[in-house]
Structure formats: structure tokens, C-alpha cells
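Let's work through a few exercises together, one small step at a time. Keep the structure in view as you read, and try each task before looking at its solution.

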Amino acid sequence: MENHTIYYDTITRLTTAISQCKDPEEVALITAESVKTAFRVKGCSIFLVDRETRELGLVASYGLSDEYLKKGPIHFMQTIKEAKDAVPIAIYDVMDDPRIEYPEEAKKEGISSLLGVPIISHDKIIGALRVYAEKPWEFSLTDITLIQAVASICGMAMDMCRLYKGYKTSIEILKNMRGKDTYGSTTRTP
């Protein structure tokens, strides 16, 4: 595949857009769309780990069909272990790699190569970012490093959005507990 050059303005636009989000799903969608567009690939998906079911749940995807996205559960302990072992996984040929859970569905979707990187936040693996290429692609170290950086930014931003929502909810609860009349202006004279 052709050598992709990602300029600093691409990262700047991505981080600027993400920094203005207040919803984790919006962060994931902007990230998926930006990666697909910047790398000119078939698609990109963002998954988060569901600790109870041990599956990767799809949060956002861009460029892939609904049929492919609904192919079946993606297990956290599966053989593609980017979300378990915290290492990037680059697969040159999805039809010839035993780590692929759904090779026939990938072929039908027109996917030849796959790159999966973990999404890590606060030293915990919270999910995975996957890049799907139509043509066979030997992912370079630069490609992998850049996608890892984007995944880290995405994870950090999603955590910040969750914290923001939590703080906002807590403040509303506290306001309701104190009563609305206590927030009026009180003038005191000595």
C-alpha cells in the first residue's frame, strides 16, 4: 500500500474536535471518522471492553457496513489480543491468519488487512481501535505508532467525558438536595 503521510494538522484537527466533545460516543465517532479519512482506508472501529461479558462492545464505526458490524460478538479473550495484551496487532492477510475470528465476513466486506491497537487510559486497557484496509497493507512502525497515539488520545478523551458527565450529575443532585431557595442572593449587613 502507498506510504501514508499524516501531517501535524491532522492530529491538531482531531484533538481539537475531540476536546470539544462532552460525550464519549461522540469522541469515538470523530476518532473513527478521522482515522478512516486520514489513512484513506476501508474503515475504522472503536470498541470498549465489557468486563462482565468479556466482549468488546462496538462504540463507533465509520466506513463499514451494518452487516459486517453485526457479524457476531468479539471476545476480549479472543486470539487477536490487542485489548488483552496491550500490544498492537497488524494482520497483513485476514484470510490467511488464524487469529481472525470472522475471516469469511471480512472477505465479504472487502477487508484485506487489519491493524488493532489497545485503547489505554490510566494504565488500564479500556478497549481497542481497529483499522481495516481494502488492499493488503504492511503497516509501518510509523503507522502503528500514530494509530497508538490516536487511540491514547481517544481513551483519555472518553474518560474525561465520563468524568464530566459524572461531575455534572453530582452537582445537579447536590443542588436538588440543598433546595433551590438557597441559591438566591443573600445580602448581609454588619
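**Exercise 1: Placing Asp159**

Asp159 is found in helix α6, where helices (H or I, at least four residues) and strands (E, at least two) are DSSP runs, numbered from the N terminus. Before we go on, note that this is a predicted model, in which local features need pLDDT of at least 70, side-chain atom pairs count only at pLDDT 80 or more, and totals for chains, interfaces and linings use all residues. Residues are numbered from 1 along each chain as its sequence is written, and side-chain values use heavy atoms, with hydrogens and water left out.

Task: decide whether Asp159 is buried or exposed, and list what Asp159 is in contact with, leaving aside neighbours within four places in sequence.

Step 1. Recall the classes: buried means under 20% relative accessible area, exposed over 50%, and partly exposed in between (1.4 Å probe, protein chains only).
Step 2. Asp159 has a relative accessible area of 13%, so Asp159 is buried.
Step 3. Contact means heavy atoms within 4.5 Å. With those sequence neighbours set aside, Asp159 touches Ser121, His122 and Ile126.

**Exercise 2: Two cysteines**

Task: find how many disulfides the structure holds, and explain why Cys44 and Cys154 are not bonded.

Step 1. A disulfide is a covalent bond between the sulfur atoms of two cysteines. The cut-off here is a pair of cysteine sulfur atoms within 2.5 Å.
Step 2. For Cys44, the closest cysteine sulfur is in Cys154, 8.5 Å away, so the pair is too far apart for a bond.
Step 3. The count of disulfides in the structure is zero.
Step 4. Check the surroundings: Cys44 is buried at a relative accessible area of 0%, and Cys154 also counts as buried, at 0%.

**Exercise 3: The whole chain**

Task: describe the secondary structure of the protein chain, and state what share of its residues is buried.

Step 1. Count the elements: the protein chain has six helices and six strands.
Step 2. Put them in order from the N terminus: α-α-β-β-α-β-α-β-α-β-β-α.
Step 3. Of the 190 residues in the protein chain, 41% are buried.
Step 4. Look at contacts in the protein chain with a separation of 6 or more: 58% of them join residues 24 or more positions apart.
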